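Please take the sequence and the model together and follow the chain from its interior out to its charged side chains. The account begins with a single residue and widens from there.

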Amino acid sequence: MLVDTREKQNSHIIDYFTKNHIAYERTALSYGDYSFYIPAAAAGENIYFHRDIVIERKATLEELSGNLVQERERFEKEFLKAGNDGAKIYLMVEESVGYSAIIGHNYRTQLAPAAYMASLKAWEARFHCNVQFIDKKYSGYYLMATFQYYAREALK
């Protein structure tokens, strides 16, 4: 597992990796917070997927809202860079009731629910990203399963 060096406040994910004997290393990723590689011991030489698939993690709806509004230009550049490389990008938001919370304005920003939904859906369409709302206690599992099945299909 590759974990971007700028990724913070992710002890629940690192704990999952440790508990389940999932090797990980911190490295500077060009975009996204997580990716993976298959080490040489299993494949003859390292096979990296950090330009093929990444997962961008947002810990809260407030963090995502800030990225879509205040930090939109920086956030857009990251997704454009991934798209230019042809990378599949997943946006994992650690909010299990994501759409319900957005529609019900159960988050602490001034972004109106309709505007939030419009930005999110435009983001999905523009950057061909897959948005997943998930309870943070399952984030490590989600990361592992996403990469495991991506590799399985890519190496067929």
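Leaving aside neighbours within four places in sequence, which residues is Leu-61 in contact with? In this predicted model, the contacts of Leu-61 beyond that window are Val-93, Glu-95, Gly-98, Ala-101, Ile-102, Tyr-107, Tyr-116 and Phe-133. Leu-61 also belongs to the largest nonpolar core, which has 24 residues. Within that core, the residues touching the most other members are Leu-61, Leu-64, Phe-79, Leu-91 and Tyr-116. Two or more core residues come from each of H3, H4, E7, H5, H6 and E8, and H6 gives the largest share, with five residues. A second core, separate from this one, has 19 residues, including Met-1, Val-3, Phe-17 and Tyr-34. In soluble globular proteins, nonpolar side chains tend to be buried together.

Helix H3, residues 61-68, is a useful place to look at the covering of an element. Seven of the eight residues of H3 are buried, namely Leu-61, Glu-62, Leu-64, Ser-65, Gly-66, Asn-67 and Leu-68. Glu-63 is partly exposed, with a relative accessible area of 34%. The cover over the buried residues of H3 includes strands E6 (53-58), E7 and E8, together with helices H4 (72-84), H5 (98-103) and H6 (113-127). At the N-terminal end, H3 is capped by Thr-60, which has a side-chain oxygen 3.4 Å from the backbone nitrogen of Glu-62.

Next come the strands. E6 is largely enclosed by the rest of the structure, because six of its six residues are buried. Ile-53, Ile-55 and Arg-57 lie on one side of E6 and Val-54, Glu-56 and Lys-58 on the other, and all of them are buried, so both faces are covered. E6 pairs with E7 in the parallel sense over six bridges, and in this pairing Glu-56 stands opposite Leu-91. Strand E7, residues 88-93, also pairs with E8, again in the parallel sense, over four bridges. There Tyr-90 of E7 is opposite Asn-130 of E8. Along E8, residues 130-133, the side chains alternate. Val-131 and Phe-133 point to one face and are buried, whereas Asn-130 and Gln-132 point to the other face and are not buried.

What of the charged side chains? Side chains of opposite charge can pair when their charged atoms come close. The model has 14 salt bridges. One of them joins Arg-6 and Asp-4, with the closest N and O atoms 2.7 Å apart. Its two partners differ in exposure: Arg-6 is exposed at a relative accessible area of 54%, while Asp-4 is buried at 1%. Another links Glu-63 of H3 to Lys-58 of E6, the closest N and O atoms being 3.8 Å apart. Lys-58 is buried, with a relative accessible area of 4%. In a third example, Glu-153 and Lys-156 meet at 3.1 Å, N to O. Here Glu-153 is partly exposed at 49% relative accessible area, and Lys-156 counts as exposed at 73%. Shared partners also join Glu-7, Arg-57 and Glu-94 into one network of salt bridges. Arg-57 is one of the buried residues of E6.

Technical notes
Residues numbered from 1 in each chain as written. Predicted model: local features only at pLDDT ≥ 70, side-chain atom pairs only at ≥ 80, totals over all residues. Heavy atoms only, no water. Salt bridge = Lys/Arg side-chain N within 4 Å of Asp/Glu carboxyl O. Buried < 20%, exposed > 50% of the residue type's maximum accessible area, 1.4 Å probe, protein only. Pairing = 2+ DSSP bridges. Contact = heavy atoms within 4.5 Å. Polar contact = N/O pair within 3.5 Å; in protein donor to acceptor, adjacent residues only side chain to side chain. Core = buried A, V, L, I, M, F, W, Y, C linked by side-chain atoms within 4.5 Å.
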